[in-house]
Amino acid sequence: MNWQEEYKRRLCSAEEAVQHIHSGDTVFLGHAVAESSLLVDAMVQNATAYQDVRIIHMTNLGSGAYTQPGMESHFHVSPFFLGATVRAAVAEGRGDFIPCFFHEIPQLIRERRVPCDVLMTQVSPSDEKGYCSLGVSADYTYQALKSARTVIAHVNDQYPYTFGTKVHVTELDYIVEQSAPLYESKPPKIGEVEEKIGRCCASLIRDGATLQLGIGAIPDAVMMFLGDKHDLGIHSEMISDGTMELYQKGVITNQRKNLDRGKMTITFAMGTKKLYQFLDKNPDVLVKPVDYVNHPVTIMKEHDMISINSAIQVDLQGQVDAEAIGLRQFSGVGGQVDFIRGAAMGGGTSIIAMPSTTQKKDGTLISKIVPFLDQGAPVTTSRNDVDYIITEYGIAHLKGETLRDRAWALISISHPSVRDSLAEEFERRFHQNYRA
């Protein structure tokens, strides 16, 4: 039987496909843009057929209907990363968060420490040899596909075909065809604060450097100030539209990378339709599994690796909380520590870039540089790992510095409204006048 016949034999409706989920199964959803709302909606509509189905994912972009009150006996969500639709479920006991470095998730799946019974994900249409692409999400999705008992694939002709990771149609147990628009993340608004932070970050980026950037206003602001750089490379957990624009301007050439020279290497992507069209069949982009892209040993081999990430709080020792507000889990570690450690191991640079304050709903400003992390908050990046902290008030270089000098440097880039109170803590802690 040739692959075209195998493909036709596996075709079914979404409603038929989800009947192959059994009570007690652990179901992985494709990550981020790879999540199929078509399949998830069909699963939720069939909820009464299931008991105790565990749902696992990182960033989810769908409605998260399986987390809603009343679904507890059917579904229990256990994410590695919390988005807006699952935070309440975890906070209220309808779900449980799994702390884990991003690059270790495939290993957990392989070893069945976190079993994967069913994978539901989007894939591209097949090529002439019967291979589909995992498109904008190889990350843990590739290992989940290899380990799952049952693979349910949504073949979507709007999903890009990318290079770096492919799967044969014979690896897909049930195939659902439907054209559907992809989730789009619109470019963020960049204000004066983000511009100042972006300019500071760009000042640390040298010609030929290899970059890891995330998504949001600050990464996009950094890229605004890289137009005069030459031969930058990308080895990053993800990219968004700003990276595409620098590539098109010739700033990103990837010609000085040590690995995958000439290619942008990522494990997932999220942005606008324009980005997805750019990625489709683009030979200059490789989308590879996260245990390659995010592994510190891979990262350390890259030329002049510079990672840029964000934080919720940084205390006066330099400890970084990037994932929770006290005991309330907000997101997850993602790839922050993967890249900070990989960059350090290879002699590169890591940056935590953040506004000096965040604003509450009532308009009150809260400092992100604090004497102590909130009670119960996790340390995402330890004080031993931290390198640079940047706010709109400047750059604090912490690696190799004493606790006293770290505290002084962090106060100097904090919001002016909190400097006096932070100075009081400095004087109590170090028995020295802050301004001496």
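**Close-up 1. A methionine in a surface patch.** M300 is partly exposed, with 31% relative accessible area. Welcome to this predicted model, where our tour starts in the loop between α12 and β13, the place of M300. Together with V297 and M345, M300 makes up a nonpolar patch on the surface. The accessible area of the three residues together is about 230 Å².

**Close-up 2. A buried pair, E302 and K257.** Staying with the loop between α12 (296-299) and β13 (305-309), we come to E302. Which residue forms a salt bridge with E302? The partner is K257, and the closest N and O atoms of the pair are 3.8 Å apart. This salt bridge links distant parts of the chain, as K257 sits in the loop between α9 (241-248) and β11 (264-269), 45 residues from E302. Are the two partners buried or exposed? E302 has a relative accessible area of 3%, so this residue counts as buried. K257 is buried too, at 1% relative accessibility.

**Close-up 3. A salt bridge within helix α1.** Here E6 and R9 form a salt bridge, with 2.8 Å between their closest N and O atoms. Both belong to helix α1 (residues 3-10), and because they are 3 residues apart, about one helical turn separates them. In general, an α-helix has 3.6 residues a turn, so residues three or four places apart point the same way. The two ends of this bridge have their own surroundings: E6 is buried at 15% relative accessibility, whereas R9 is exposed at 53%.

**Close-up 4. D420 and R435, at and beyond helix α15.** A salt bridge joins D420 to R435, and their closest N and O atoms lie 3.0 Å apart. D420 is in helix α15 (residues 416-430), while R435 is in the segment after α15, 15 residues away, so the pair is counted as linking distant parts of the chain. R435 is exposed, with 56% relative accessibility. Back in the region of the previous view, salt bridges with shared partners join E6, R9 and R10 into one network. Across the whole structure, a search finds 18 salt bridges.

**Close-up 5. Helices α14 and α15 side by side.** How are two packed helices described? The angle between their axes and the distance between the axes are used. For helix α14 (residues 403-412) and α15, the angle is about 170 degrees and the axes are 10 Å apart. That angle makes α14 roughly antiparallel to α15. On the α14 side, the residues that meet α15 are L403, R404, A407, W408, I411 and S412. On the α15 side, their counterparts are R419, L422, A423, F426 and F430.

**Close-up 6. Helix α4 and its cover.** In helix α4 (residues 84-91), the buried residues are V86, R87, A89 and V90. Among the elements that cover them are β3 (75-77) and β17 (328-329). Following α4 comes G93, with a positive phi near 90 degrees.

**Close-up 7. Helix α13, largely enclosed.** How many of the 10 residues of helix α13 (residues 336-345) are buried? The count is 7, so α13 is largely enclosed by the rest of the structure. The buried residues are Q336, V337, D338, F339, I340, G342 and A343. After α13 comes G347, whose phi is positive and near 80 degrees.

Definitions and conventions
Residues numbered from 1 in each chain as written. Predicted model: local features only at pLDDT ≥ 70, side-chain atom pairs only at ≥ 80, totals over all residues. Heavy atoms only, no water. Salt bridge = Lys/Arg side-chain N within 4 Å of Asp/Glu carboxyl O. Helix = DSSP H or I, 4+ residues; strand = E, 2+ residues; numbered from the N terminus. Buried < 20%, exposed > 50% of the residue type's maximum accessible area, 1.4 Å probe, protein only. Patch = residues over 30% accessible without salt bridge, like charges linked within 9 Å, V, L, I, M, F, W, Y side chains within 5 Å. Areas by Shrake-Rupley, 256 points an atom, 1.4 Å probe, with all protein chains shown as cover. Axes fitted to C-alpha atoms, helices over the stretch in contact; angles between N-to-C directions. Parallel < 35°, antiparallel > 145°, perpendicular 65-115°, else oblique. Contact = heavy atoms within 4.5 Å.
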